[in-house]
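Colleague: Could you take me on a close walk through one part of this model, starting from the backbone and following whatever leads on from there? I'd like one connected story, please.

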Amino acid sequence: MITIKEVKKTGELKDFVKFPFKLYKGSPYWVPPIIREEMATFDKTQNPSLESADVWLFLAYRDHKIVGRIAVIINHIEVEQQQKKKVRFGWFDVIDDIEVTKALLAKVAEIGKQHGLEYLEGPVGFSNMDKAGMLTEGYEKLSNMSTIYNYPYYPEHFRQLGYEKGAVWVEYLIRIPDIVPDKVEKLADIVLKRYDLKLLQFKSSKELVEYADGMFDLMNRSFKDLQSFVPIQQSEVEQYKKKYLKFIHPDFVKFIVDKEGKMVAFSITMPSFSKALQKANGKLFPFGFIHILRAMKKSKSATLYLIGVEPKYQNKGLTAIIFNETTKIFQKRGLKYVESNPELEENIAVQLLWKHYEGSHPHKHRVTWRKQLDTM
């Protein structure tokens with residue numbers, strides 16, 4: 001018999017956060033989060049996303065043993081301002097038993113109906129800065145800290161339960177060439193001159209923080225038409241500046257401005273921390289942070305976390321400028337591969353750029369799953 005219990009106490013929250021550590025124990029592909037940071041994600045005093053969202057956490061039990069978990073999320077900006085009558089679900093993990101999946105999703109539907117919503121979709125987080133998308137191809141590839149890993153039976157459960165695909169993403173593995181592709185370098189030079197643009201160079205992380213508001217403002221403009229996007233709020237911007245931006249090496253951040261100094265494109269890449277986080281196994285202390293510090297200097301692969309382009313400049317070659325400069329940094333640091341962030345399947349313009357990089361190929365796919373609540 002399956003029992004679904006709402007998380008109310010600190011001990012239960014720890015069980016919720018630590019369940020994947022048991023589920024994926026021994027997996028060479030799953031990358032564990034930092035437990036303390038995961039706990040803070042569900043703390044209203046530490047996560048500004050909860051100012052505009054409600055969340056309910058549930059654990060599934062069988063014979064007093066945890067066999068699944070799920071977060072039910074209502075983002076009020078999405079529902080009230082964007083008029084998307086959606087209840088979200090995320091932090092979904094489950095054993096290979098479709099009845100457990102069905103019972104957890106029933107809780108999502110129950111809360112969605114109670115609040116007059118029309119459909120559910122996930123896995124997603126509170127906002128677009130959280131992990132999203134269930135892996136459907138690439139199960140034998142190392143995950144990274146900004147994406148979800150799951151076993152192959154996950155999507156099979158959703159197919160059997162009659163869910164439809166929502167968003168579809170593809171991730172590319174890009175080999176860093178010894179020389180920047182000639183077509184990319186020429187295109188970058190042409191675009192810079194044609195539109196009178198300038199690439200900013202930074203010497204310190206402090207300088208980056210000064211441009212953070214402009215970057216997130218551009219992100220809101222460039223992503224506003226994406227099907228699952230919810231605008232980043234100023235309180236969230238302040239949190240990201242405090243927790244993340246000031247620790248990013250300026251080599252890995254590229255900002256492009258127009259002749260008036262207005263930001264028109266940006267990208268953030270980072271050395272891969274996947275193997276370091278596996279060694280840390282959820283804890284920064286006493287030795288986890290040492291693995292992460294080593295990865296900053298010695299990792300041979302990188303991850304492209306964020307990229308945004310002003311709508312009127314999209315499909316005009318600005319990504320060539322970014323990757324021309326980024327490739328040079330990768331070469332300088334001895335990085336051999338970079339993994340793209342999940343790119344919507346219809347984002348052909350960016351994907352065409354990877355064809356200039358020999359040996360680059362799509363190696364992971366992921367989706368969100370949707371279902372109308374009146375069918376449940």
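Modeller: First, a word on the labels: a strand here is a DSSP run of E with at least two residues, and strands are numbered from the N terminus. Also keep in mind that this is a predicted model. With that settled, go to the loop between β5 (119-122) and β6 (134-137), where you'll find proline 123. The peptide bond joining glycine 122 to proline 123 is cis, with omega at about 5°. Most peptide bonds are trans, and most residues other than glycine have a negative phi. Tryptophan 91 is worth a glance on that second point, with a positive phi near 45°. You'll find tryptophan 91 in strand β4, residues 86-94.

Back to the prolines, and this one sets up the rest of the walk. A cis peptide bond also joins phenylalanine 285 and proline 286, again with omega at about 5°. Proline 286 sits in the loop between α10 and α11. Those two helices, α10 (274-280) and α11 (288-298), each give at least two residues to the lining of the second largest pocket, as do β11 (301-309) and β12 (337-339). That pocket has a volume of about 470 Å³. It is lined by 22 residues, and Leu142, Ser272, Lys275, Ser299 and Ser301 are the ones closest to its centre. Sorted by class, the pocket lining comes out as nine polar, seven nonpolar and six charged residues.

Now move on to the enclosed spaces. There are three cavities of 30 Å³ or more in the structure, and the largest cavity holds about 60 Å³ of space. Its lining is Ile174, Ile176, Leu304, Phe323, Thr326, Thr327, Phe330, Val338, Trp354 and Tyr357. In terms of class, that's eight nonpolar residues, two polar ones and no charged residues. Helix α12 (residues 318-333) contributes the most to this lining, with four residues.

So what else does α12 touch? One partner is α6 (residues 182-194), which packs with α12 at an angle of about 125°, their axes being 8 Å apart. The two helices are therefore oblique to each other, because angles of 65 to 115 degrees count as roughly perpendicular and only those over 145 as roughly antiparallel. The crossing of α6 past α12 is left-handed. On the α6 side, the contact uses Val184, Glu185, Leu187, Ala188, Val191 and Leu192, while α12 brings Leu318, Ala320, Ile321, Asn324 and Lys328. Class by class, this contact has eight nonpolar residues, one polar and two charged.

For another helix pair, look at α8 (residues 212-223) and α9 (residues 234-243), whose axes come within 10 Å and cross at roughly 130°. These helices are therefore oblique to each other too. Here the crossing is right-handed, with α8 passing α9. Ala212, Asp213 and Phe216 of α8 meet Gln234, Val237, Glu238, Tyr240 and Lys241 of α9. The residues of this contact divide into four nonpolar, three charged and one polar.

Notes:
Residues numbered from 1 in each chain as written. Predicted model: local features only at pLDDT ≥ 70, side-chain atom pairs only at ≥ 80, totals over all residues. Heavy atoms only, no water. 1 Å grid on protein atoms, 1.4 Å probe; cavity = no way out; pocket = protein on both sides within 12 Å on 5 of 7 lines; lining within 4 Å. Points joined across faces, edges and corners; volume = space filled by probe spheres on them. Nonpolar A, V, L, I, M, F, W, Y, C, P; charged D, E, K, R; others polar. Axes fitted to C-alpha atoms, helices over the stretch in contact; angles between N-to-C directions. Parallel < 35°, antiparallel > 145°, perpendicular 65-115°, else oblique. Left-handed = near helix turned anticlockwise from the far one by under 90°. Contact = heavy atoms within 4.5 Å.
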